[in-house]
Amino acid sequence: MDKTDKKLYTLLVYSENLAGILNQITAVFTRRQVNIESLNVSASSIDGVHKYTITAWSDEDQIVKITKQIEKKIDVIKADYYTDDQLFIREVGLYKLATSKVLDNPEISRTIRKADARMVEVNPTFCSVMISGVTEDITGLYFALDKFDCVLQYTRSGRIAITRSTEEQVSDFLEMQDKNKNKQCLTK
């Protein structure tokens with residue numbers, strides 16, 4: 001498959017908070033030989049449910065198969081895939097810069113302000129800068145700062161995302177499950 005045939009997809013996976021589920025989810029990607037670009041795991045807005053935000057370059061056919069395989073896992077509540085236009089996306093970038101170079105070149109501070117980033121720590125040795133945005137914002141600031149030869153360290157977080165939909169699909173899914181359980185209890 002050609003890189004041009006691939007698109008960046010984001011999978012949102014909801015599961016119970018159990019040991020080993022992350023390994024089961026990532027194994028699906030491994031078996032299909034699809035590399036995970038970023039992975040973020042956190043508690044969701046639903047008590048006892050964790051949310052996995054996973055990005056991967058793939059074609060739609062492959063990502064559909066991956067999503068279905070993940071959803072078949074016993075402890076997975078819901079899994080869906082999205083394109084960037086269906087989500088509100090953020091990442092965080094952190095940069096450690098040499099304080100001496102920042103003080104010697106005012107253009108570095110202008111570059112930071114222009115990118116809407118902020119200094120979070122300044123000491124005699126280094127300055128810490130943080131930015132929140134999409135991947136292009138974060139990598140763009142890195143390349144701009146790197147030209148000044150002042151970057152000591154750089155990292156960016158995995159993607160976090162929420163759907164642009166007005167309803168949370170996993171909430172609807174859990175609500176339907178509760179209704180079905182209640183119906184089964186009444187018929188017994």
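**Exercise 1. Find the residue of S3 that stands opposite Ser 42, and describe how S2 and S3 pair.**

Solution. Start at Ser 42: the residue opposite is Lys 51 in S3. Next, take the strands, which are DSSP E runs of at least two residues, just as helices are H or I runs of at least four, all numbered from the N terminus. S2 and S3 pair in the antiparallel sense over 7 bridges, where pairing requires at least two DSSP bridges between the strands. Finally, look at the hairpin: 5 residues lie between its strands, and Gly 48 has a positive phi near 80°.

A word on the model: it is predicted, so to speak of local features we need pLDDT of at least 70, and side-chain atom pairs count only at pLDDT 80 or more, while totals for chains, interfaces and linings use all residues. Residues are numbered from 1 along each chain as its sequence is written, and side-chain values use heavy atoms, leaving out hydrogens and water.

**Exercise 2. Work out which residues of helix H1 (residues 21-31) are buried, and how they are arranged.**

Solution. First, list the buried residues (under 20% relative accessible area with a 1.4 Å probe, protein chains only; exposed is over 50%, partly exposed in between). They are Ile 21, Ile 25, Val 28 and Phe 29. Seen down the helix axis, these residues fall within an arc of 95°, so they line one face of H1; the arc is taken from the directions between the axis and the C-beta atoms. Then turn to the other side of H1, where Asn 23, Thr 30 and Arg 31 are exposed. Just past the helix, Gln 33 has a positive phi of about 55°.

**Exercise 3. Follow Phe 29 to its contacts.**

Solution. Contact means heavy atoms within 4.5 Å. Setting aside neighbours within four places in sequence, Phe 29 touches Leu 11, Val 34, Ile 36, Ile 54, Ala 56, Ile 66 and Ile 70.

**Exercise 4. Characterise the aromatic pair of Tyr 9 and Tyr 81.**

Solution. A search of the whole structure gives 4 aromatic pairs, counted when ring centres of Phe, Tyr or Trp (its six-membered ring) lie within 6.5 Å; planes under 30 degrees apart are stacked, over 60 edge-to-face, the rest tilted. Tyr 9 and Tyr 81 are edge-to-face, with 5.7 Å between centres and 75° between planes. Tyr 9 belongs to S1 (residues 7-16) and Tyr 81 to S4 (residues 76-82), so the pair ties together parts 72 residues apart in sequence. Lastly, check accessibility: Tyr 9 is buried at 4%, whereas Tyr 81 is partly exposed at 24%.
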